[in-house]
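Biologist: Could you take me through one part of this model closely, namely the place where the two chains meet? I would like a connected account rather than a list.

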Amino acid sequence: MSDTQKTEKPKKELTKSQMLSKKITEDYMNEAFRAHELGKLIGYTTAISPVEIFVAHDIIPIYPENHAVANLTAKKGAQLCSVTESLGYTSHLCAYARSDLGYRETGITVTRGIPEPDLFLACNAQCFTLTKWFQVLARRGNLPVFVFDTPEYIMDKKAREEIIKYCVIQLKELISFLEEVTKKKFDYDRLNEVMKYSAESSRLYKKFLDMAQYKPSPISIFDALIGMAIAVYRRGTPECVEYYRTLCEEFQEKADKGIGVLPKDKEKYRLYWENLPVWFKFSDHAKLLGSYGGVILTSLYVHAWSFEFDLDKDPLVTLAENYVSRFSNSTLEDRAEMAMDLFKRYSLNGMIMFMNRSCKAVSFAVPTLKDVLVKRTGIPALVFESDMGDQRFYSETQIRTRIEAYFETLDRLQAKVA
Amino acid sequence: MWDNLSLKEVVELTKDPFPSIRKWVKEKGKKVIGSTIPDVPEEVIHAFDFLPVSLIGTDKPLKKAPSRLPDNACSLARSNLELVMSYEGDLFDGFVLPQVCDTTQHLSDIWRIHFPDKYTECFLAPRQVDRPSARYWTKEEIERLISSLSNWTNRKITDDGLNSSIALFNENKKLLKEIYDFKKKNPAALTNKELFSLIKLSMQVDKEEFNKSLKRIKDGLKPQKGEGYTDIVLAGITCDPPEVYALFDEIKLNIVADTLVTGTRYIDGVVAQNGNPVDALVDRHMNRMFFSPIHDNVYRNFEEIKTLYKENNAKAVIYIHIEFCESQEYDLPDLKNMLRKEGIPFHVMDTEYQTLSLSHLRTRLQAFFESLKGGAL
Ligand code: SF4
Ligand code: SF4
């Protein structure tokens, strides 16, 4: 990849936030690769997991999902997934897991790879796949896995109180588990400090996402997808706060100057995207949509990291409350409510509902969610099925035709209203 | 209605038990609660005077479910959804739906939204079992189910009431176990299909009546060893359609042990009767056999299967894979390797509710056993 980059036109100058992101990521990975030298352990964890506990206990969190995203975005999905399938895994498991297992088999990656794990934390608020995937990895090295089990955050108030209690008990178990593995006492003062950083960076991350309220919007989902990376792997640190402060300043400036992703007179369709992106196509999709005056502003997926930690509460309680209530662990009714909130606050007037074969956890709700949202907003939806990372399940012409037809429908409707 | 059934009638009823359930409900004036599998404490539902019915798919065509659950959802979930959306929904007064994997989590949401006027409760079984919190949470969930049913029906149950439901369900399981044990040694006395039909129907009809049939069937069994049978262990979650068992019968396989939710994992769920019934139900949950979505340890599955294989002197292990069950699919390659290393012949059958090609399964199964006899494995 670096070879092709060399022949490309000169790179644009990096913004301050981009430089910061680069530095934070490099420092983080450098430290991770030297973890054992530094007397630290590597904990693999799920993107949605109470990582604050790891950070407070000096466990370096590594997210195999992030590494998978890099490979899938660079179109390595089909190659890596096929390797995993040759080991007996089926082709319809999540492409993150399949590409990761393929990477472990072949060493193929577009990054420098990720360090090997010492232990695992699987939180099923995100999905059940990750638990199973981590178990596969853990068996290879006979390593410990801690499953943080988050029952669906059902709508009954009393049940919710019970669920939080169960989760708090488990967080205490997690702490004992870490103490046992590291032979080191857990420091609650340190956790309080980590929580302050996490609360502040989450607040700023949400502020950044909410820039989508402006017209024209200075931010598209593609900015959000790039911008969310630090929230995923560095929350709980001061550098994460600094990054989001900088990012907010940059986008606020754009908003103040009226600079949009599309110019104000070209921004016709402010779109909602359901699901994860098609990673190896996301910049192509942005261009294609832009040519129709469409810009995807948001999705519940990017909002999954805009936590609202309450620092007045016991840190374990606010951690439990936040992690268990992510969109991916909420009822369909609550998920529709969360999406409706985005429709209202960002004045959205179109929706693309992606049925992602890889991600059952998010996708199985889509048909019902689509019906609810179409009914409540009166806006038609484009539904398409493909895979976020395995190119073999992606049909370019079919998707292009669907997108074109969708914009024709939106144009017709708009003409009617006019 | 179900108290004097012959084996043949049981097999017939298992194909489609719903017309008889409808008739029974009408005659008795009872109400019905449906549950998908696994692990809903049906004794609690029974104690509230409902008929608990396990939903284990339908062989009728898919019409509506595909618009809610795409084709990469496991066929059991789609089949169950179809069963209630197109065929039997009106029979049920309510549902208690367990959540064990991503599919079941969504399924219970879709279900609730589809039936806004019916009682729908979920049973949030813990998806970990090795830590103290799992026990704590199982108890919370059983108590929540009791209070939910109590709020809905405006009735209360007593420990005695729950204990007598437990006793009735235990009796059912004991009878099934006796028949199973007899069949192990007398493979020609009843077929695999008959045995597993007895278990399946037990999960769907009134036990007070059906236990009488079971007792009569059990008492009428005559020792019949037969010849040329190969003893096997069956592993997996469910095994459907019933024709798969017929296939085993056809090539003279004798199931001597299994790990199915619709098999031994159910029968083994006898609950202790000498203490607090809720605690006893919790104990049962904690002690149940391996179930892929809630146990993180495939070694345990391997050990269980190995023990069943050795203790029963079986000749092979057949694993029933439900197409698109990702829980099984993450476990299978490692499980396969562990069993192969141990020298245990292992064959995976890919099954699907609704669209199963039996001839394909038959050919592969026959080839497996031929190579087994030839010592190629
Ligand atoms: S893409 Fe979906 S299934 Fe895959 S790891 Fe993420 S949440 Fe889980
Ligand atoms: S555990 Fe497997 S078979 Fe059961 S509902 Fe989940 S995916 Fe389907």
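What follows is a close look at the interface between the chains.

Modeller: Please keep in mind throughout that this is a predicted model. In it, 53 residues of chain A are in contact with 48 residues of chain B, and the two chains bury about 4,400 Å² between them, with 54% of that area on carbon and sulfur atoms. On the side of chain A, the residues that lose the most area to chain B are A:Phe128, A:Arg139 and A:Phe364, which together account for 19% of what that side buries.

Turning to the polar side of the interface, the count between chain A and chain B is seven salt bridges, and one such pair joins A:Lys132 to B:Asp331, with their closest N and O atoms 3.0 Å apart. Between chain A and chain B there are also 27 residue pairs in polar contact, counting pairs with both residues at pLDDT 80 or more.

As for the elements of chain A that take part, at least two residues each are supplied to the side touching chain B by α7 (129-141), β4 (145-148), α8 (157-182), α15 (332-345), α16 (360-363) and α17 (366-377). Of the elements in chain A, α8(A) gives the most to this side, with eight residues. Sorted by class, the side of chain A that touches chain B is made up of 26 nonpolar, 14 polar and 13 charged residues.

Notes
Residues numbered from 1 in each chain as written. Chains lettered and ligands numbered in written order. Predicted model: local features only at pLDDT ≥ 70, side-chain atom pairs only at ≥ 80, totals over all residues. Heavy atoms only, no water. Contact = heavy atoms within 4.5 Å. Buried area = accessible area lost by both parts, 1.4 Å probe. Salt bridge = Lys/Arg side-chain N within 4 Å of Asp/Glu carboxyl O. Polar contact = N/O pair within 3.5 Å; in protein donor to acceptor, adjacent residues only side chain to side chain. Helix = DSSP H or I, 4+ residues; strand = E, 2+ residues; numbered from the N terminus. Nonpolar A, V, L, I, M, F, W, Y, C, P; charged D, E, K, R; others polar.
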